[in-house]
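Here are my comments on the model you sent, set out as numbered points. I begin with one of the helices and then turn to confidence, a second helix and the charged pairs.

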Amino acid sequence: MRIRRGAAAVAATALAAAALAACGAGNDSEDSSGEAIVVGTTDKVVSIDPAGAYDNGSLNVQTQVYQYLLNFPAGSTELTPDAAEKCDFTTPTEYTCTMKDGLKFANGNPLTAESVAFSYQRIVDINNPNGPASLLGNMAKVEAKDPQTVVFTLKSPNDQTFPQVLVTSAGPIVDEKTYPKDRVLSDDEAVEADGFSGPYTIAKYSKNEVAQFKANPDYDGTYGKPKADQVTMSYYKDANNLKLDIENKKIDVAYRSLTPTDIESLEKADGVTVHKGPGGELRYIVFNLKTMPGTDEAQKNAVRKAAAYSVDRAALSEQVYKGTYTPAWSAVPEGLPGATESFKTAYGEKPDAAAAKKLLDDAGVKTPVALSLQYSPDHYGSNSAEEYNAVKRQLEETGLFKVTLQSSEWTTYSEERVADSYPAYQLGWFPDFPDSDNYLTPFFGPNNFLQSHYDDATTAAMLDKERTDADTASREKTLGEIQDRIADQVPILPLLTGAQVAIGVDEVKGVSDTLDASFKFRFTSLSK
């Protein structure tokens, strides 16, 4: 059934078109030597500055405009030099990178080992609650030995994941002459500073409305020369409008996030192709261990476990997402080395209200438990409302919970969730790199991204052990033990896992090339 838009939706599309025109998007742009490409998304940018963001919407911008020491070429998960000439362990606790000669930022300032050391240390020093500092937990220090040599000193030796950390949200290299060491730049300041050295620079920008990317002629890195000289990202508040604009070919690519119904409809539409890539997205509930219901840790743990006994993942998968997402039974999705089904083992495949009630009774928890549950209607797709209404029904059908469901848009949500405003709330995760550790250390290690007051010394020690274990079988055993511990403590409640999806008009090439297991959407692959 075709979805009709009302006057408000038509007006929104007109505003988007005006914004694109204002930014110069279009085939006759003077900034482009070829046809420009327009990509639509419902993702929101928290911060262009790498020190201030650790989310998919921000990473999509950062991937295009910043250079990294190492990177993943399109279609590959093999680490390849980007700004670095080479990187290697020179001792068990020292990882050394030699820089390419003659690199510079778009503003003309040189990009050297000093820029690299500054960029990484800055993320740690600023330690923004929405930033990626948790990824650098094993970095003791970083220093430029000379203009071409940067050395990372690690707290734990033989870190099997550290080279991949260089490709993550912690990895973009910024200009030490224009980025302050003690605060996050606003997006407008970052655009004005022009401290970009990636395959694209930002020509024009209006936050979460439109961003115009222009090919950087001086880029010398993993991705190679961009196939399109100009790409414009158009930001949508409503997934319905995104679906209609790709269906009517008013944009070239739709990337995150369309509803399962829309994807199913577009698979039958003429002139557009639905592209799917490797899975890895995880959807889950976070419990704030400080503000959630319960008078002590025993009661809070009983509440979390009772919720784990009460949710019906299969119903969420089939009824809400039409099978485009499947049940998640661990903090690590199925298919990655070391992944288990710890939550299925601990709580069963189907809801068990009797087991949940016994837990609460034994802990002296009065029922129904009043639980405030928050979700974001714009960041994880418009089906989030249906998903969390279904979770509310599932919890309340046991008679053990009374759920107050609330929502807020991502720009507010990302600030409030780290300010102890939400006792329980929705999050989703795209991995920084294809390794089980990336679903564990950022969430459950010290100074973790969740900021949910989960701080467990035993888990932290186990994470250190697996990261530094070169024996594959031994490492996977430890990874399984960590997942069992998380299932017992339930700081998060995994719900669903899903694949990457992007829809392109048939004239656009290269969409499938960038939907790989590195989980980076590269504009450099796109052409028409």
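Which residues are buried in helix H9 (residues 313-320)?

1. In this predicted model, the buried residues of helix H9 are Arg-313, Ala-315, Leu-316, Ser-317 and Val-320. The elements that cover these buried residues include helix H7 (260-266), helix H8, strand S13 (325-327), helix H10, helix H12 and strand S17 (492-505), so the reader may wish to view H9 together with that list, in which both helices and strands appear.

2. The two ends of H9 can be described separately. At the N-terminal end, Asp-312 acts as a cap, with a side-chain oxygen lying 3.3 Å from the backbone nitrogen of Ala-314, while just after the helix Lys-322 takes a positive phi of about 50°.

3. On confidence, the protein chain has an average pLDDT of 92, and 94% of the residues score at least 70. Residues 1-33, however, have a pLDDT below 50, although in the model this stretch has 47 contacts beyond near neighbours in sequence.

4. Helix H16 (residues 472-489) consists of 18 residues, and the distance from its first C-alpha to its last is 26 Å, close to the 26 Å expected at 1.5 Å a residue. Its buried residues are Arg-475, Thr-478, Leu-479, Gly-480, Ile-482, Gln-483, Ile-486, Ala-487 and Gln-489, and the elements covering them include helix H8 (297-310), helix H10 (342-347), helix H14 (441-444) and helix H15 (457-467).

5. The ends of H16 also deserve a comment. Asp-471 caps the N-terminal end, where a side-chain oxygen lies 3.2 Å from the backbone nitrogen of Ala-473, and just after the helix Val-490 takes a positive phi of about 55°.

6. The structure holds 27 salt bridges, one of which joins the side chains of Asp-49 and Arg-122 at 2.6 Å, N to O. This pair links distant parts of the chain, since Asp-49 is in the loop between strand S1 (37-41) and helix H2 (56-65) whereas Arg-122 is in helix H3 (residues 113-126), 73 residues apart. Asp-49 is buried, its relative accessible area being 0%, and Arg-122 likewise counts as buried, at 2% relative accessibility.

7. A further salt bridge is formed by Lys-305 and Asp-488, whose closest N and O atoms are 3.0 Å apart. Because Lys-305 lies in helix H8 and Asp-488 in helix H16, the pair ties together parts that are 183 residues apart in sequence. With a relative accessible area of 15%, Lys-305 is buried, whereas Asp-488, at 45% relative accessibility, counts as partly exposed.

8. The salt bridge between the side chains of Glu-396 and Lys-392 (3.0 Å, N to O) lies within a single helix, H12 (residues 384-397), where the two residues are four apart and therefore separated by about one helical turn. An α-helix has 3.6 residues a turn, so residues three or four places apart point the same way. Glu-396 is partly exposed, with a relative accessible area of 24%.

9. Finally, a network of salt bridges links Lys-141, Glu-143 and Lys-145.

Conventions. Residues are numbered from 1 along each chain as its sequence is written. This is a predicted model: local features need pLDDT of at least 70, side-chain atom pairs count only at pLDDT 80 or more; totals for chains, interfaces and linings use all residues. Side-chain values use heavy atoms; hydrogens and water are left out. pLDDT is the predictor's confidence in each residue, from 0 to 100. Contact means heavy atoms within 4.5 Å. The expected span of a helix is 1.5 Å times one less than its number of residues. Buried means under 20% relative accessible area, exposed over 50%, partly exposed in between (1.4 Å probe, protein chains only). A polar contact is a pair of N or O atoms within 3.5 Å; within protein, one must be able to donate a hydrogen and the other to accept it, and residues adjacent in sequence count only if both atoms are side-chain atoms. A salt bridge is a side-chain nitrogen of Lys or Arg within 4 Å of a carboxyl oxygen of Asp or Glu.
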